[in-house]
Amino acid sequence: MGQVTAVCTSPAKGTQKQKVKEGIFIEDHGIQGDAHAGKWHRQVSLLSYDKIEAFRARGAEVEDGAFGENLVVRGIDFRSLPVGTRLCCNDVILELTQIGKECHHGCQIFQKMGDCIMPREGVFARVIRGGKIRVGDEMKVENNE
């Protein structure tokens with residue numbers, strides 16, 4: 001079980017996401033007002049809070065949303081979950097569709113740190129059922145058996 005520590009969106013691709021109070025998740029689309037929403041497999045991006053904290057401990061000065069992540073969650077190691085895993089938060093159901101992604105080495109974090117955790121630790125999901133997610137909400141990993 002995990003807890004949402006940040007919800008982030010951006011109106012344009014290629015820009016750092018900004019924290020918002022809540023995200024309105026739309027079935028088979030993504031988060032309302034987020035540039036990455038649409039009919040594809042990477043509607044929502046997620047990062048584990050602990051992975052961001054470990055990166056910060058190495059000297060990275062990054063805010064929530066800096067990696068382009070929509071949700072930061074404490075207590076769930078997303079990288080360890082298989083594609084197809086479902087995550088439940090309030091009424092929202094997300095299904096993991098991709099683990100990691102190719103990093104464009106021009107990203108500001110990579111240029112400054114020589115590394116970026118999103119390609120290794122970031123995961124992507126599509127919205128199976130919509131609803132709202134706020135900071136502090138509880139997220140559960142659905143049993144896939």
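## Exercises on a predicted fold

Strands β4, β3 and β10 form an open, antiparallel sheet, in the order β4-β3-β10. Strands are DSSP runs of E, at least two residues long, numbered from the N terminus. Two strands pair if DSSP finds at least two bridges between them.

The model is predicted: local features need pLDDT of at least 70, side-chain atom pairs count only at pLDDT 80 or more, and totals for chains, interfaces and linings use all residues. Residues are numbered from 1 along each chain as its sequence is written, and side-chain values use heavy atoms, with hydrogens and water left out.

**Exercise 1.** Find the edge strands of the open sheet, then describe the pairing of β3 with β10.

*Solution.*
1. The edges are β4 (30-31) and β10 (131-134). Each pairs on one side only.
2. Strand β3 (residues 22-26) meets β10 in the antiparallel sense, over four bridges.
3. Ile 24 stands opposite Lys 132 in β10.

**Exercise 2.** List the strands that pair with β1, with one residue pair for each.

*Solution.*
1. Strand β6 (residues 71-74) runs antiparallel to β1, joined by four bridges. Val 7 stands opposite Leu 71 there.
2. Strand β11 (residues 138-141) pairs with β1 in the antiparallel sense over two bridges. Gln 3 has Glu 138 as its bridge partner.
3. Strand β2 (residues 18-19) also pairs antiparallel with β1, over two bridges. Cys 8 has Lys 19 as its bridge partner.

**Exercise 3.** Explain why β1 counts as largely enclosed.

*Solution.*
1. Buried means under 20% relative accessible area, with a 1.4 Å probe and protein chains only.
2. Seven of the eight residues of β1 (residues 2-9) are buried, so the rest of the structure largely encloses this strand.

**Exercise 4.** Describe the largest nonpolar core and its strand contributors.

*Solution.*
1. A nonpolar core is a set of buried Ala, Val, Leu, Ile, Met, Phe, Trp, Tyr and Cys residues joined through side-chain atoms within 4.5 Å.
2. The largest has 21 residues; those with the most contacts inside it include Phe 25, Leu 71 and Met 139.
3. At least two residues of this core come from each of β1, β5 (44-48), β6, β7 (86-89), β8 (92-99) and β9 (123-129).
4. A second, separate core has 12 residues, among them Phe 55 and Val 72.

**Exercise 5.** Place Ile 133 and relate it to Leu 71.

*Solution.*
1. Ile 133 lies in strand β10. It is buried, with a relative accessible area of 0%.
2. Ile 133 and Leu 71 are 62 residues apart along the chain; their C-alpha atoms are separated by 9.2 Å.
3. The two are in contact (heavy atoms within 4.5 Å). Ile 133 also touches Val 4, Val 7 and Phe 25, among others.

Key:
Buried means under 20% relative accessible area, exposed over 50%, partly exposed in between (1.4 Å probe, protein chains only). Lists of a residue's contacts leave out its neighbours within four places in sequence.
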